[in-house]
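Subject: A structure for you to look at

Hi there,

Here is the structure I promised to pass on. Have a look at it first, and then read my notes underneath.

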Amino acid sequence: MANSTISGLPAATVPLAGTEVLPIVQSAETRQVSVANLTAGRSINASNISASSTLTVTGFSTLTGGLAGGAEAITGPGPVSVTTLLTMFTSTTVGNALTLANGQLGQLKTIVYVAEALGSDTGILTPTSRLGYSTITFNNLGDSVLLQYVTTGWAVIAFRGAVVA
C-alpha cells in the first residue's frame, strides 16, 4: 500500500490498544510513535470524558456544570456501598444496623434517610474506621450526613438532623 492515500486505507478496529504505530514528522525526519505515547506528557482538552474505572486528575481542577456520582438505595440493615457517592436509606425497623467499610483517601460519601416502614424506625451507622465519633443515628426522614475518608477513617464534614455520637 505504498501508493495509497490515507482516505483509501481500511478503517482501524476500535477501540485502539495503544500499541499501534503512527508516522510523524519530527525535526524534518519521518519517525514512528505508538498511539499510547502520542500525547505522553502533554495536556489534553476535551469536552466530554468517560472513564470505565478510575479517572485520576492531577493538579488543581475546576469543575463547572455540576458533579454527579453514583447512587444506591438500600432498605433495612446492612452495608453501605463505598463505590457510590450517595446512599438513600429506607429503614425497616428501629435500630437498623448500617456499616461502612474503609474508603479511599479524600473520598466523599453522603447518606440520606429517605423512607421508613413503620413510622418510628431508625438507622445506626457504624463505619469500620472513624474519626472522633462512634456512631451516626438517623431518627427522622431527611436526616443526612456528609463524610470524607481521611488517613484515620471517615470524618464527619456536615450533617443535618442525624445524631453524631
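T137 is buried, because its relative accessible area is 17% (buried means under 20%, exposed over 50% and partly exposed in between, using a 1.4 Å probe and protein chains only). This residue sits in strand β9; helices (H or I, at least four residues) and strands (E, at least two) are DSSP runs, numbered from the N terminus. Beyond its neighbours within four places in sequence, T137 touches G123, I124, D143, A162 and V163, where contact means heavy atoms within 4.5 Å.

Before you go further, please note that this is a predicted model, in which local features need pLDDT of at least 70 and side-chain atom pairs count only at pLDDT 80 or more, while totals for chains, interfaces and linings use all residues. Residues are numbered from 1 along each chain as its sequence is written, and side-chain values use heavy atoms, with hydrogens and water left out.

Now to the sheet around T137. In β9, T137 is the bridge partner of I124. Strand β8 (residues 123–127) and strand β9 (residues 136–138) run antiparallel and are joined by three bridges; two strands pair if DSSP finds at least two bridges between them. Strands of a sheet pair through backbone hydrogen bonds, either parallel or antiparallel. Which strands make up the open sheet, and in what order? There are five, in the order β4-β6-β8-β9-β12, and the pairing is mixed. At the edges are β4 (78–80) and β12 (163–164), each of which pairs on one side only.

Next, the hairpin. Strands β1 (residues 21–26) and β2 (residues 29–34) pair in the antiparallel sense, with six bridges, and V21 stands opposite S34 in β2. Two residues lie between β1 and β2 in this hairpin. S27 is found in the loop between these strands, and so is A28. Most residues other than glycine have a negative phi, and most peptide bonds are trans. S27 is not a glycine, yet its phi is positive, at about 55°. A28 is not a glycine either, and it has a positive phi of about 65°. Are these loop residues buried or exposed? S27 counts as exposed because its relative accessibility is 65%, and A28 is exposed too, with a relative accessible area of 78%.

In the segment before β1 you will find P15. The peptide bond leading from V14 to P15 is cis, with omega near 5°.

How many salt bridges does a search of the whole structure find? It finds one, counting a side-chain nitrogen of Lys or Arg within 4 Å of a carboxyl oxygen of Asp or Glu. Side chains of opposite charge can pair when their charged atoms come close. Here the partners are E29 and R31, whose closest N and O atoms are 3.6 Å apart. E29 is partly exposed, at 46% relative accessibility, and R31 is partly exposed as well, at 37%.

Two other residues are worth finding on your screen. E116 belongs to strand β7 (residues 108–116) and counts as partly exposed because its relative accessibility is 26%. Apart from neighbours within four places in sequence, E116 is in contact with T90, S91, D121 and L141. Its C-alpha atom is 7.8 Å from that of T93, which is 23 residues away along the chain.

V94 lies in the loop between β5 (86–91) and β6 (96–100) and is exposed, with a relative accessible area of 56%. Outside the neighbours within four places in sequence, V94 contacts S120, D121 and T122. The C-alpha atoms of V94 and T5 are 73 Å apart, with 89 residues separating the two along the chain.

Last comes the largest pocket, with a volume of about 1,400 Å³. A pocket is an open set of points on a 1 Å grid over the protein atoms alone, where a 1.4 Å probe fits, with protein on both sides within 12 Å along at least five of seven lines; lining residues have an atom within 4 Å of a point. Of the 30 residues that line the largest pocket, L55, V57, L63, L67 and A68 are the closest to its centre. The lining divides into 13 nonpolar, 17 polar and no charged residues (Ala, Val, Leu, Ile, Met, Phe, Trp, Tyr, Cys and Pro count as nonpolar, Asp, Glu, Lys and Arg as charged, and the others, Gly among them, as polar). The volume is the space filled by probe spheres set on the points, which are joined across faces, edges and corners.

Happy exploring!
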